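Open the structure in a viewer and keep the sequence panel beside it. The tour below goes from one selection to the next and says what is there.

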Amino acid sequence: MAETRLIRKYANRRLYDATSSRHVTLDDIRKMIGAGEQVKVIDDKSGEDITRSILLQIISNQEQFGTPVLSAQLLEAVIRFYGNPIQEMLTKYLEQSIGSLLRQQQVMRAEMAKALESPMAPMADMARQNMELLAKMQASMFSAFTPASPPSGPAEPQPKRRSGKRRV
(Lines give C-alpha, C1' and ligand atoms only; values in the text may rest on other atoms or scores of the structure.)
Protein backbone atom coordinates (compact mmCIF):
# COMPACT_ATOMS: atom_id res chain seq x y z
CA MET A 1 0.00 0.00 0.00
CA ALA A 2 1.14 3.59 -0.61
CA GLU A 3 2.81 5.59 2.10
CA THR A 4 0.56 7.71 4.32
CA ARG A 5 0.43 11.36 3.31
CA LEU A 6 1.30 13.73 6.11
CA ILE A 7 -0.89 16.82 6.32
CA ARG A 8 -0.11 19.57 8.82
CA LYS A 9 -2.77 21.89 10.17
CA TYR A 10 -1.47 25.31 11.13
CA ALA A 11 -2.86 27.74 13.71
CA ASN A 12 -4.44 29.79 10.91
CA ARG A 13 -6.48 26.64 10.05
CA ARG A 14 -4.66 26.10 6.76
CA LEU A 15 -3.75 22.57 5.77
CA TYR A 16 -0.33 21.82 4.29
CA ASP A 17 0.50 18.60 2.41
CA ALA A 18 4.10 17.87 3.42
CA THR A 19 4.39 15.18 0.72
CA SER A 20 3.66 17.48 -2.21
CA SER A 21 4.76 20.71 -0.48
CA ARG A 22 1.56 22.67 -1.06
CA HIS A 23 -1.48 23.96 0.80
CA VAL A 24 -4.59 21.81 0.46
CA THR A 25 -8.29 22.07 1.21
CA LEU A 26 -10.68 19.59 2.80
CA ASP A 27 -11.89 18.80 -0.72
CA ASP A 28 -8.32 18.02 -1.81
CA ILE A 29 -7.99 15.60 1.10
CA ARG A 30 -11.35 14.04 0.17
CA LYS A 31 -10.07 13.48 -3.37
CA MET A 32 -6.83 11.93 -2.07
CA ILE A 33 -8.82 9.50 0.06
CA GLY A 34 -11.19 8.80 -2.84
CA ALA A 35 -8.14 7.90 -4.94
CA GLY A 36 -7.13 5.33 -2.32
CA GLU A 37 -4.48 7.29 -0.48
CA GLN A 38 -4.15 7.27 3.29
CA VAL A 39 -3.74 10.56 5.10
CA LYS A 40 -2.61 11.55 8.55
CA VAL A 41 -3.35 15.05 9.79
CA ILE A 42 -1.17 16.49 12.54
CA ASP A 43 -1.72 19.73 14.44
CA ASP A 44 1.48 21.65 13.74
CA LYS A 45 1.65 23.37 17.14
CA SER A 46 0.81 20.47 19.47
CA GLY A 47 1.84 17.51 17.28
CA GLU A 48 -1.54 15.91 18.07
CA ASP A 49 -3.06 13.51 15.52
CA ILE A 50 -6.30 15.20 14.41
CA THR A 51 -7.04 12.90 11.46
CA ARG A 52 -10.43 11.74 12.83
CA SER A 53 -11.57 15.31 13.37
CA ILE A 54 -10.65 16.29 9.80
CA LEU A 55 -12.28 13.15 8.35
CA LEU A 56 -15.48 13.92 10.30
CA GLN A 57 -15.42 17.47 8.88
CA ILE A 58 -15.12 16.05 5.35
CA ILE A 59 -18.02 13.66 5.96
CA SER A 60 -20.12 16.47 7.43
CA ASN A 61 -19.43 18.66 4.39
CA GLN A 62 -20.32 15.81 2.00
CA GLU A 63 -23.53 14.97 3.85
CA GLN A 64 -24.83 18.54 3.33
CA PHE A 65 -24.92 18.26 -0.46
CA GLY A 66 -26.73 15.81 -2.74
CA THR A 67 -28.00 12.49 -1.46
CA PRO A 68 -26.57 11.73 1.97
CA VAL A 69 -24.95 8.38 2.70
CA LEU A 70 -25.84 8.58 6.37
CA SER A 71 -29.58 8.94 6.93
CA ALA A 72 -30.93 10.63 10.07
CA GLN A 73 -32.10 7.22 11.31
CA LEU A 74 -28.64 5.73 10.84
CA LEU A 75 -26.98 8.67 12.60
CA GLU A 76 -29.43 8.34 15.51
CA ALA A 77 -28.68 4.63 15.76
CA VAL A 78 -24.94 5.28 15.80
CA ILE A 79 -25.37 7.91 18.52
CA ARG A 80 -27.30 5.37 20.60
CA PHE A 81 -24.31 2.99 20.45
CA TYR A 82 -21.94 5.47 22.13
CA GLY A 83 -21.26 4.30 25.66
CA ASN A 84 -23.11 1.06 24.96
CA PRO A 85 -21.24 -2.16 25.85
CA ILE A 86 -21.44 -3.32 22.23
CA GLN A 87 -20.04 -0.07 20.77
CA GLU A 88 -16.81 -1.83 19.78
CA MET A 89 -18.80 -4.57 18.06
CA LEU A 90 -20.62 -1.94 15.95
CA THR A 91 -17.28 -0.44 14.94
CA LYS A 92 -15.92 -3.81 13.82
CA TYR A 93 -19.16 -4.66 12.02
CA LEU A 94 -19.18 -1.37 10.10
CA GLU A 95 -15.49 -1.72 9.18
CA GLN A 96 -16.01 -5.28 7.91
CA SER A 97 -19.18 -4.34 6.02
CA ILE A 98 -17.55 -1.37 4.31
CA GLY A 99 -14.46 -3.47 3.55
CA SER A 100 -16.62 -6.15 1.97
CA LEU A 101 -18.49 -3.55 -0.05
CA LEU A 102 -15.21 -2.06 -1.29
CA ARG A 103 -13.92 -5.51 -2.33
CA GLN A 104 -17.14 -6.16 -4.24
CA GLN A 105 -16.80 -2.78 -5.91
CA GLN A 106 -13.23 -3.64 -6.99
CA VAL A 107 -14.39 -6.96 -8.45
CA MET A 108 -17.20 -5.20 -10.31
CA ARG A 109 -14.80 -2.60 -11.68
CA ALA A 110 -12.43 -5.33 -12.85
CA GLU A 111 -15.29 -7.16 -14.58
CA MET A 112 -16.45 -3.93 -16.24
CA ALA A 113 -12.89 -3.21 -17.38
CA LYS A 114 -12.70 -6.69 -18.93
CA ALA A 115 -16.03 -6.15 -20.67
CA LEU A 116 -14.93 -2.78 -22.06
CA GLU A 117 -11.57 -4.20 -23.08
CA SER A 118 -13.20 -6.94 -25.11
CA PRO A 119 -16.93 -6.25 -25.44
CA MET A 120 -17.64 -9.59 -27.09
CA ALA A 121 -15.90 -11.67 -24.40
CA PRO A 122 -18.92 -11.83 -22.06
CA MET A 123 -21.19 -12.80 -24.95
CA ALA A 124 -18.76 -15.46 -26.14
CA ASP A 125 -18.57 -16.85 -22.61
CA MET A 126 -22.36 -16.90 -22.39
CA ALA A 127 -22.59 -18.64 -25.76
CA ARG A 128 -20.06 -21.26 -24.60
CA GLN A 129 -22.08 -21.89 -21.44
CA ASN A 130 -25.29 -22.15 -23.47
CA MET A 131 -23.69 -24.66 -25.84
CA GLU A 132 -22.50 -26.78 -22.90
CA LEU A 133 -25.99 -26.71 -21.40
CA LEU A 134 -27.56 -27.63 -24.75
CA ALA A 135 -25.12 -30.55 -25.16
CA LYS A 136 -26.03 -31.84 -21.68
CA MET A 137 -29.75 -31.54 -22.43
CA GLN A 138 -29.36 -33.37 -25.75
CA ALA A 139 -27.32 -36.13 -24.12
CA SER A 140 -29.95 -36.69 -21.45
CA MET A 141 -32.77 -36.56 -24.03
CA PHE A 142 -31.05 -39.08 -26.32
CA SER A 143 -30.29 -41.39 -23.43
CA ALA A 144 -34.02 -41.53 -22.67
CA PHE A 145 -34.77 -42.73 -26.22
CA THR A 146 -31.83 -45.08 -26.62
CA PRO A 147 -32.83 -48.69 -25.85
CA ALA A 148 -31.12 -50.27 -22.95
CA SER A 149 -28.39 -52.74 -23.86
CA PRO A 150 -29.53 -56.39 -23.90
CA PRO A 151 -28.86 -58.36 -20.77
CA SER A 152 -25.71 -60.41 -20.88
CA GLY A 153 -26.52 -64.07 -20.80
CA PRO A 154 -27.56 -66.82 -23.17
CA ALA A 155 -29.35 -65.32 -26.09
CA GLU A 156 -32.77 -66.70 -26.93
CA PRO A 157 -32.92 -68.51 -30.24
CA GLN A 158 -34.54 -66.47 -32.96
CA PRO A 159 -37.26 -68.16 -35.02
CA LYS A 160 -36.11 -69.15 -38.47
CA ARG A 161 -37.34 -66.95 -41.22
CA ARG A 162 -38.68 -68.45 -44.28
CA SER A 163 -37.38 -67.48 -47.61
CA GLY A 164 -39.45 -65.16 -49.73
CA LYS A 165 -40.80 -68.06 -51.91
CA ARG A 166 -44.23 -69.42 -51.18
CA ARG A 167 -45.02 -73.02 -51.53
CA VAL A 168 -48.29 -73.99 -52.99
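Start at the hairpin of strand 1 and strand 2, where five residues lie between the strands and Arg13 takes a positive phi near 70°. The model is a predicted one. Arg13 is not a glycine, although its phi is positive. With the side chain displayed, Arg13 counts as exposed, because its relative accessibility is 69%.

Move on to Arg14, which sits in the loop between strand 1 and strand 2. Arg14 counts as partly exposed, at 44% relative accessibility. Leaving aside neighbours within four places in sequence, Arg14 is in contact with Arg8, Lys9 and His23. Draw a C-alpha to C-alpha distance from Arg14 to Val24: the two are 10 residues apart in sequence and 7.6 Å apart in space.

**The sheet**

Now select the four strands together. They form an open sheet in the order 3-2-1-4, with mixed pairing. Which strands stand at the edges? Strand 3 (22–24) and strand 4 (39–43) do; each has a single partner strand, so one side of each is left without a neighbour in the sheet. From one strand to the next, the twist averages 35°.

Strands of a sheet pair through backbone hydrogen bonds, either parallel or antiparallel. Go through the pairs in turn:

- Strand 3 and strand 2 (residues 15–17) are antiparallel and pair over three bridges; Leu15 stands opposite Val24 in strand 3.
- Strand 2 and strand 1 run antiparallel and are joined by three bridges; the bridge partner of Arg8 in strand 2 is Tyr16.
- Strand 1 and strand 4 pair in the parallel sense over five bridges; the bridge partner of Leu6 in strand 4 is Lys40.

Select strand 1 alone and show its side chains, which alternate along the strand. Arg5, Ile7 and Lys9 point to one face and are buried. Leu6 and Arg8 point to the other face and are not buried.

Next, select Asp17 in strand 2. Is Asp17 buried or exposed? Its relative accessibility is 0%, so Asp17 counts as buried. Beyond its neighbours within four places in sequence, Asp17 is in contact with Arg5, Leu6, Ile7, Arg22, Val24 and Met32.

Follow the chain from strand 2 into the loop that leads to strand 3, where Ser21 is found. Ser21 is a residue other than glycine with a positive phi, near 55°.

**The helices on the sheet**

Add helix 1 (residues 26–34) to the selection. Helix 1 packs on the sheet and touches strand 1 (5–9), strand 2, strand 3 and strand 4. The direction of helix 1 makes about 90° with that of strand 3.

Then select helix 2 (residues 51–63), which lies across strand 1, strand 2 and strand 4. Helix 2 runs at about 115° to strand 4. It has 13 residues and reaches 18 Å from its first C-alpha to its last, close to the 18 Å expected at 1.5 Å a residue.

Which residues of helix 2 are buried? Thr51, Ile54 and Ile58 are buried in helix 2. They cover an arc of only 70° around the axis, which puts them on the same side of helix 2. An α-helix has 3.6 residues a turn, so residues three or four places apart point the same way. On the other side of helix 2, Arg52 and Leu56 are exposed. What do the buried residues of helix 2 pack against? They pack against strand 1, strand 2, helix 1 and strand 4.

**The whole chain**

Finally, zoom out and colour the protein chain by secondary structure. There are five helices and four strands, and from the N terminus the elements run β-β-β-α-β-α-α-α-α. Buried residues make up 10% of the 168 residues in the protein chain. Among contacts with a separation of 6 or more, 40% are between residues 24 or more positions apart. The accessible surface of the protein chain comes to about 15000 Å², and 58% of this surface belongs to carbon and sulfur atoms.

Notes: Residues numbered from 1 in each chain as written. Predicted model: local features only at pLDDT ≥ 70, side-chain atom pairs only at ≥ 80, totals over all residues. Heavy atoms only, no water. Pairing = 2+ DSSP bridges. Helix = DSSP H or I, 4+ residues; strand = E, 2+ residues; numbered from the N terminus. Axes fitted to C-alpha atoms, helices over the stretch in contact; angles between N-to-C directions. Contact = heavy atoms within 4.5 Å. Buried < 20%, exposed > 50% of the residue type's maximum accessible area, 1.4 Å probe, protein only. Areas by Shrake-Rupley, 256 points an atom, 1.4 Å probe, with all protein chains shown as cover. Expected span 1.5 Å × (residues − 1). Arc of directions from axis to C-beta.
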